[in-house]
Amino acid sequence: MATLSCHFHPTVYKSSPSTKARPSILCSMQPSQSNVKVIVNGAAKEIGRAAVIAVTKARGMEVAGAVDSYLVGEDIGKVCDMEEPLEIPIINDLTMVLGSISQSKATGVVIDFTDPSTVYDNVKQATAFGMKSVVHVPRIKLDTVAALSGLCEKASTGCLVAPTLSIGSILLQQAAISASFHYNNVEIVESRASPADLPSPNATQIANNLSNLGQIYNRQDISTDVLARGQVLGEDGVRVHSLVLPGLVSSTTVHFSGPGEIYSLKHDITNVQCLMPGLILAIRKVVRLKNLVYGLEKFL
């Protein structure tokens, strides 16, 4: 959101000696000081570029910094193909950006799209400058999350670690948990365009959630070693099958079965835009936190 700033300047017209000075008004749109200043770390990535556009359009927040090791020096607005440049260059130095933003005394949030090897140091730096963090990093380890939790608790600083930012994916997980109490057989089938990270973090999280409920699934073949039956995640018989073909959308389906019926839950992701509503929600929530919260589902 921007505020309208107006300045009064006297204007003198010299065509007549009797002409008096008349005030003119010059107005310009300036960012509101109350806006949340958002730094996107991993700004050159596809998800980073989408985040820049989403934050620019959202009320009450603005992009204040772009960090990445690619396209350094390029205006992030141009990188995102926006109509107007944002006059914010991509910088490969998070500390420099944090230091610049901290001088404004405004509320700051760092969105971290980097990787597990750097996320702890990134959040530590943000915390040192009094800024909150939203972390969406694939394959982040639980011991890293535990270390971050201790760091945030000691500093009384908020951090939201979100394995997924897709609201649809979270709703599917919640529905799967509800269904698991009524069915004894469950299998997860996912499709992806590339073979990276399989089973996917999304399928793994669903399997882990179901395995923590004390249920035993697929008793009739829980111990089979037939490879075509998919991979068993956990000790409770939840099987995951991954289909990989170029051109496929990212899709996750959870199949439950009981006597005389099949119950299926499906969620498709067509592009990275589906993560943006969850990201904006995460930014709005993290500014009020004074500790670490794991999972965007805590706010749905």
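## A tour from helix H6 to helix H2

Start by selecting helix H6 (residues 167-180) together with helix H7 (residues 201-211): the two pack at an angle of about 30°, with their axes 10 Å apart. That angle makes H6 roughly parallel to H7, and the crossing of the pair is right-handed. Before going further, please keep in mind that this is a predicted model.

Now show the side chains where these two helices meet. On the H6 side, pick Ser169, Leu172, Gln173, Ala176, Ile177 and Ser180. Facing them from H7 are Asn202, Gln205, Ile206, Asn209 and Leu210. Colour the contact by class and you will find five nonpolar residues, six polar ones and no charged residue.

Stay with H7 for a moment. How many of its 11 residues are buried? Eight are, so the helix is mostly covered. To see them, select Asn202, Ala203, Thr204, Gln205, Ile206, Ala207, Leu210 and Ser211. What covers these buried residues? Bring up H6 again, then add strands S9 (185-192), S10 (231-233), S11 (238-244) and S12 (250-258), which are all included in the cover.

Next, step back from H7 into the loop that links S9 to H7, where two residues deserve a stop. One is Asp197, which sits in this loop. Its phi is near 55°, a positive value in a residue other than glycine. Asp197 is partly exposed, at 41% relative accessible area. The other stop is Pro199, also placed in the loop between S9 and H7. Look at the peptide bond leading from Leu198 into Pro199: this bond is cis, with omega near -10°.

For a second helix pair, move to H3 (residues 94-102) and H4 (residues 119-128). Their axes come within 10 Å and cross at roughly 20°, which means that H3 runs roughly parallel to H4. Here, too, the crossing is right-handed. Select Leu94, Thr95 and Leu98 from H3, then Asn122, Gln125 and Ala126 from H4, to display the contact. By class, this contact holds three nonpolar and three polar residues, with no charged ones.

Keep Leu94 and Asn122 highlighted and add Asn41, which touches both of them. Asn41 belongs to strand S3 (residues 36-41). Is Asn41 buried or exposed? Its relative accessible area is 6%, so Asn41 is buried. Leaving aside residues up to four places away in sequence, its other neighbours are Val67, Val110, Ile111, Asp112, Phe113 and Thr114.

Now travel to helix H2 (residues 76-79) and select Lys78, which lies within it. Lys78 is exposed, with a relative accessible area of 56%. Draw a distance from its C-alpha atom to that of Pro89, 11 residues apart along the chain, and the separation is 9.6 Å. In the loop between H2 and strand S5 (90-91), stop at Asp81. Asp81 has a positive phi of about 60° although it is not a glycine. At 69% relative accessibility, Asp81 counts as exposed.

Finally, zoom out to the whole protein. You will see eight helices and 14 strands. Buried residues account for 44% of the 300 residues. Turn on the surface: about 16,000 Å² is exposed, and carbon and sulfur atoms supply 55% of it. Among contacts between residues at least 6 apart in sequence, 68% join residues at least 24 apart.

Definitions and conventions. Residues are numbered from 1 along each chain as its sequence is written. This is a predicted model: local features need pLDDT of at least 70, side-chain atom pairs count only at pLDDT 80 or more; totals for chains, interfaces and linings use all residues. Side-chain values use heavy atoms; hydrogens and water are left out. Axes are lines fitted to C-alpha atoms, for helices over the stretch in contact, and angles run from 0 to 180 degrees between N-to-C directions. Helices (H or I, at least four residues) and strands (E, at least two) are DSSP runs, numbered from the N terminus. Angles under 35 degrees count as roughly parallel, over 145 as roughly antiparallel, 65 to 115 as roughly perpendicular and the rest as oblique. A crossing is left-handed if the near helix is turned anticlockwise from the far one by less than a right angle, and right-handed if clockwise. Contact means heavy atoms within 4.5 Å. Ala, Val, Leu, Ile, Met, Phe, Trp, Tyr, Cys and Pro count as nonpolar, Asp, Glu, Lys and Arg as charged, and the others, Gly among them, as polar. Buried means under 20% relative accessible area, exposed over 50%, partly exposed in between (1.4 Å probe, protein chains only). Accessible areas come from the Shrake-Rupley method with a 1.4 Å probe; for residues, only the protein chains shown count as cover.
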